[in-house]
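Colleague: Please walk me through this one. I would like to hear the reasons behind the terms you use.

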Amino acid sequence: MANTITPPRVVDQKLFVDGKWTDSASCETFETLNPATGDTICQVAAGDKADVDIAVKAARRAFESKAWTRMSAAERGRLLYKLGDLVEAHGQELAALESLDNGKPIRDAQYVDIPMTANVFRYYGGWADKIHGKVIPMAGPFHAHTRHEPVGVVGQIIPWNFPALMVSWKWGPALAAGCTVVLKPAEQTSLTALRLAELTVEAGFPEGVVNVVTGMGPTAGAAIAEHMDVDKVAFTGSTEVGQSIMKAAADSNLKRVSLELGGKSPNIIFADADIKKAANFAYAALFFNMGQCCCAGSRLLVEDRVYDEVMEIITAKAKKQVLGDPFEESTTQGPQVSKAQMDRILGYIETGKNEGACCVTGGRKLDRAGYFVEPTVFDGVKADMKIAQEEIFGPVLTVLKFSDIDEAIQLANDTIYGLAAGIWTQNINTANRVAASVKAGSVWVNCYNAFDPTITFGGFKMSGFGRELGEYALANYTEVKAVVTALGK
Ligand code: ADP
C-alpha cells in the first residue's frame, strides 16, 4: 500500500531559550534516531547545567515581567486557545514529526496524539480566568480570603511515549495558572516539543515564558530537579527517576514535586461481561502505542469460566497485527522507541519463559532494521512472577486467572503501583465494589484508556502523586495564600 504521508526532512535542532534558538553552552549535540530504521534524523543540542541555568533565569525574568504579570488571565487563556488552534492547523506536520521521532503509526499520531494535544491546550485556555480563591467566614472582625497564585518558575521533565501530548499536559495547566516553564523533553523524542515551543511564539506568549532545554536526563534533567530557583518540578517517567527527582528537590530548595510514574495496571474481565468487546478492548489496553503507556492494562485478569474464550480472541488479534513502517497506512504496530527499550523488553520475554510462563504468541524481535517486537502474550502467569510485577513498557501482555471477586480484588492490588484499572462486567454491584476497592487513580468500567482533558489522571502508591488533566492539575501550579484583613471598628 502506498505511503499516505512522506516523512519530513528535519534540520539540526537547537535549544529554545528566552524566545530564541541557541546552541548549548558546550556546543555538544546528540543524535535523535528514527526507531523504524535506526538511522539518524538529525543532531539535537545537548543542554546541560549551564543551559538550564540560563533558561531558568529567562523564565524568572519572564515570570516577573510586566508582559506576563500584567497580562489578564483571560488574555493568557486566549493565547492557550490560539496555541491549540495552531497545533490543529499544523496537525499533519506535527503528526509526521511525532511518527518519525517516536515510531508510532502515523494514523495514531494524526487522530489521537495531535488532536488531543490541541484540545488540552484549549481546555486549559478555558481555565485561565477561572482560577481563584475563596472568601472565608472567619470568626471575629476580619475579612478573610485566599488567593491562588502561580507557583513560579516550573521545571517539567517528560518521557518519550507521547512526546507532544505530554507537553500539553504540562504547559496547559502551568501557563493557565500564570507560571513560566523550562521543559526538558526525553532525549529520544525532542522534535515536537521544540516545534510546539516555536508555535508558542506565534500564539503570542512573551519571550521566556516557555523554554525548552533538550538533553540527557542525568545532566539537563537533574539540573532542573536540583536548581535553587525552580519553584516546582513536574515529572513523568520511571519510578526510579521519580525517586531521584524527589531527593534532588529535598536536597535543594524543597521545590514542589508532582510525579506521574510507572504502572502495572490490572484489567479485570468478569464472566458476565460482553466478552467479545472486553477482549478486544483488553488487546488495545495493552498493545496501543506498542505497549508504551504508563497506564497500559498490562495485567489482564480473567475469570476462569471465560478464560479460554478471551485468550482465543486476544491471540488471534495479536497474530493479525501489521508491523512495519509507521508511515505506511496499513501499519498497526510500529517499532519500540529505542534499541535500549527493545532489548529490555526482549529480556523480560526471556525472564517470563524462564519463570515458567507460556508464551502463546510472539516473543521475538523482527528480522529487519528498526526496533520491532512481535505482540507477545503470556499464559499461565503467576502473580509473583517478575513479568506480573514489573513494568515492561512494551507489547507484552501477561494474563492471570481468577475464580471470584475477592480473588480479583486481591490480585488487582497485588502490585507496588496504582495508576489505572479496568473492570468489565454487566453487574453494577461488581463494578462498584471493585471500583471502590482497587487502589488506582483511574478506574475504567466497561472501557479502557477513556481519556479526556476534563478527566484527571495520576497515581496511587508508587505510581506517583499529584494529578494531571482536569481541574485537579491546577493545584500543581498554584500556591494558596490566605489573606486576613482586620475590619475597622
Ligand atoms: P524511561 O526509562 O522510560 O526512558 P526515564 O524515567 O528514564 O524513563 O525518563 C523520563 C524522563 O526523565 C526523560 O526526559 C529523561 O531524560 C529524564 N531523566 C532520566 N534520568 C533523569 C535524572 N536522573 N534526573 C532528571 N531527569 C531524568
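Colleague: What makes a residue count as being around the ligand, and which come nearest?

Modeller: A residue is near a molecule if one of its heavy atoms lies within 4 Å of it. Here 18 residues are around the ligand, and Ile158, Trp160, Lys184, Glu187 and Ser238 come nearest. This is a predicted model: local features need pLDDT of at least 70, side-chain atom pairs count only at pLDDT 80 or more, and totals for chains, interfaces and linings use all residues. Residues are numbered from 1 along each chain as its sequence is written, and side-chain values use heavy atoms, with hydrogens and water left out.

Colleague: Why is the pair of Glu187 and the ligand called a polar contact?

Modeller: A polar contact is a pair of N or O atoms within 3.5 Å; within protein, one must be able to donate a hydrogen and the other to accept it, and residues adjacent in sequence count only if both atoms are side-chain atoms. An oxygen atom of the ligand is 2.6 Å from an N or O atom in the Glu187 side chain, so the pair qualifies. The side chain of Trp160 has such an atom 2.9 Å from a ligand oxygen. For Gly217 a polar backbone atom is used, at 3.3 Å from an oxygen of the ligand.

Colleague: How do you know that Lys20 and Glu207 form a salt bridge?

Modeller: The rule asks for a side-chain nitrogen of Lys or Arg within 4 Å of a carboxyl oxygen of Asp or Glu. Lys20 and Glu207 are at 3.9 Å, N to O, so they pass. The two residues are 187 apart in the chain. By this rule the count comes to 24 salt bridges.

Colleague: What are the two domains, and how many salt bridges are there between them?

Modeller: The bounds come from an automatic or database domain assignment. Domain 1 is 15-261 + 464-482, and domain 2 is 266-453. Between domain 1 and domain 2 the count is zero salt bridges. Seven residue pairs across this interface are in polar contact.

Colleague: What is the buried area between domain 1 and domain 2?

Modeller: Buried area is the accessible area (1.4 Å probe) that two parts lose on being put together, summed over both. Domain 1 and domain 2 bury about 2400 Å² between them, 66% of it on carbon and sulfur atoms. In domain 1, Pro35, Ala36 and Trp160 lose the most area to domain 2.

Key
Helices (H or I, at least four residues) and strands (E, at least two) are DSSP runs, numbered from the N terminus.
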